[in-house]
Amino acid sequence: MAYIPLTKSEEKLMQFLWEQGKPLSASEIQALWKDNAWTKSYTRDIMRSLEEKGAIEFYNLERTGKNYGRRFRTVLTREEYFSQLAMRNGVTVTKMFQVEAFAMVEKGNKQEMDDLIRELEGMIEEYRARDDDAE
C-alpha cells in the first residue's frame with residue numbers, strides 16, 4: 001500500500017474509527033464520540049479528505065428519519081499506518097523487532113519473549129511453506 005500521510009485531525013478520526021471497528025456515518029460519529037468538539041460539518045470534511053486519500057471508503061447508505069447518511073469503513077489499518085510512519089522515519093521492521101526483543105530481555109519478561117519467539121517461528125514456517133510451494 002502506498003504511503004498515506006494524515007493530518008493530526010485525520011489521524012484523530014482514524015484512531016476513533018479503528019477503535020469502533022465498524023462502518024460509521026458522520027452522524028453516528030457525532031453521537032458516539034463524546035469527547036469530540038468537532039461540528040458535523042467539520043467531521044464530514046475530514047471524512048471527505050480521508051476518502052480522497054484512500055484511507056476510508058464508502059460502505060453503504062443509512063436511513064435516519066427522512067435523510068440518508070453515507071457510512072464509511074477504514075481501508076488503511078492501524079498497523080499499516082504506523083508501519084508506514086516508522087518506515088518513513090527510517091525505522092525498519094528488523095529494527096522494531098530488535099528493539100522489542102531487547103526491551104523484553106531487559107525487563108526479564110520470559111513469557112512475552114517466548115510468545116514472540118513462537119510467533120516468529122510460525123511466520124518463518126509459513127514463509128518457508130509458501131517458498132516450497134513456489135518451487
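This report walks through a predicted model of one protein, from its overall form down to single residues.

## Overall form

The protein has six helices and two strands. Read from the N terminus, the order is α-α-α-β-β-α-α-α. The radius of gyration is 20 Å, while the globule rule gives 14 Å for 135 residues, so the protein is more spread out than a compact globule. The C-alpha trace spans about 55 × 40 × 30 Å along its principal axes.

How much of the protein is buried? Of its 135 residues, 25% count as buried. The accessible surface comes to about 9600 Å². Carbon and sulfur atoms hold 51% of that surface.

Contacts say something about how the chain folds back on itself. Take the contacts between residues at least 6 apart in sequence. Among these, 48% join residues at least 24 apart.

The protein carries 21 positive and 25 negative charges. The mean positions of these two groups are 12 Å apart.

## The hairpin

Strand 1 covers residues 56-64, and strand 2 covers residues 67-74. The two strands run antiparallel, and eight bridges join them. Two of the pairings can be named. Glu 62 has Gly 69 in strand 2 as its bridge partner. Asn 60 is paired with Arg 71 of strand 2.

What lies between the strands of this hairpin? Two residues do. Gly 65 in this hairpin takes a positive phi near 65 degrees.

The hairpin also meets a loop residue. Ser 25 sits in the loop between helix 1 and helix 2, the latter being residues 26-32. Leaving aside neighbours within four places in sequence, Ser 25 is in contact with Met 47, Glu 62, Gly 69, Arg 70 and Arg 71. Glu 62 and Gly 69 are themselves bridge partners. Ser 25 has a relative accessible area of 1%, so this residue counts as buried; the cut-off is under 20%.

After strand 2, the chain enters the loop that leads to helix 4, and Val 75 is placed there. Val 75 has 30% relative accessibility and counts as partly exposed. The C-alpha atoms of Val 75 and Leu 50 are separated by 9.9 Å, with their positions 25 residues apart along the chain.

## Helix 1 and Leu 13

Leu 13 belongs to helix 1. Is Leu 13 buried or exposed? Leu 13 is buried, because its relative accessible area is 0%. Its contacts, not counting neighbours within four places in sequence, are Ile 29, Trp 33, Trp 38, Thr 43, Ile 46, Met 47 and Leu 50. Met 47 is also a contact of Ser 25.

## Helix 4 and its cover

Helix 4 takes in residues 78-88. Which residues of helix 4 are buried? They are Tyr 81, Gln 84 and Ala 86. The cover over these buried residues includes helix 1 (8-20) and helix 5 (93-107). Just after helix 4 comes Gly 90, with a positive phi of about 85 degrees.

The start of the chain meets helix 4 too. Tyr 3 lies in the segment before helix 1. Tyr 3 touches Gln 84, Leu 85 and Arg 88, residues up to four places away in sequence not being counted. Gln 84 is one of the buried residues of helix 4. Tyr 3 itself is partly exposed, with a relative accessible area of 32%.

## Helix 6

Helix 6 covers residues 110-134, and Asp 114 is placed in it. Asp 114 has a relative accessible area of 23%, which makes it partly exposed.

## Distances along the chain and in space

How do steps along the chain compare with distances in space? The table sets out three pairs, with C-alpha to C-alpha distances.

| Pair | Apart in sequence | Apart in space |
|---|---|---|
| Leu 13 and Arg 130 | 117 residues | 37 Å |
| Asp 114 and Pro 23 | 91 residues | 36 Å |
| Tyr 3 and Tyr 81 | 78 residues | 8.0 Å |

Leu 13 of helix 1 and Arg 130 are 37 Å apart. Tyr 3 and Tyr 81, by contrast, have C-alpha atoms separated by 8.0 Å.

Key:
Residues numbered from 1 in each chain as written. Predicted model: local features only at pLDDT ≥ 70, side-chain atom pairs only at ≥ 80, totals over all residues. Heavy atoms only, no water. Helix = DSSP H or I, 4+ residues; strand = E, 2+ residues; numbered from the N terminus. Rg over C-alpha atoms; globule rule 2.2 N^0.38 Å. Buried < 20%, exposed > 50% of the residue type's maximum accessible area, 1.4 Å probe, protein only. Contact = heavy atoms within 4.5 Å. Areas by Shrake-Rupley, 256 points an atom, 1.4 Å probe, with all protein chains shown as cover. Lys, Arg positive; Asp, Glu negative; His and termini not counted. Charge placed at Lys NZ, Arg CZ, Asp CG, Glu CD. Pairing = 2+ DSSP bridges.
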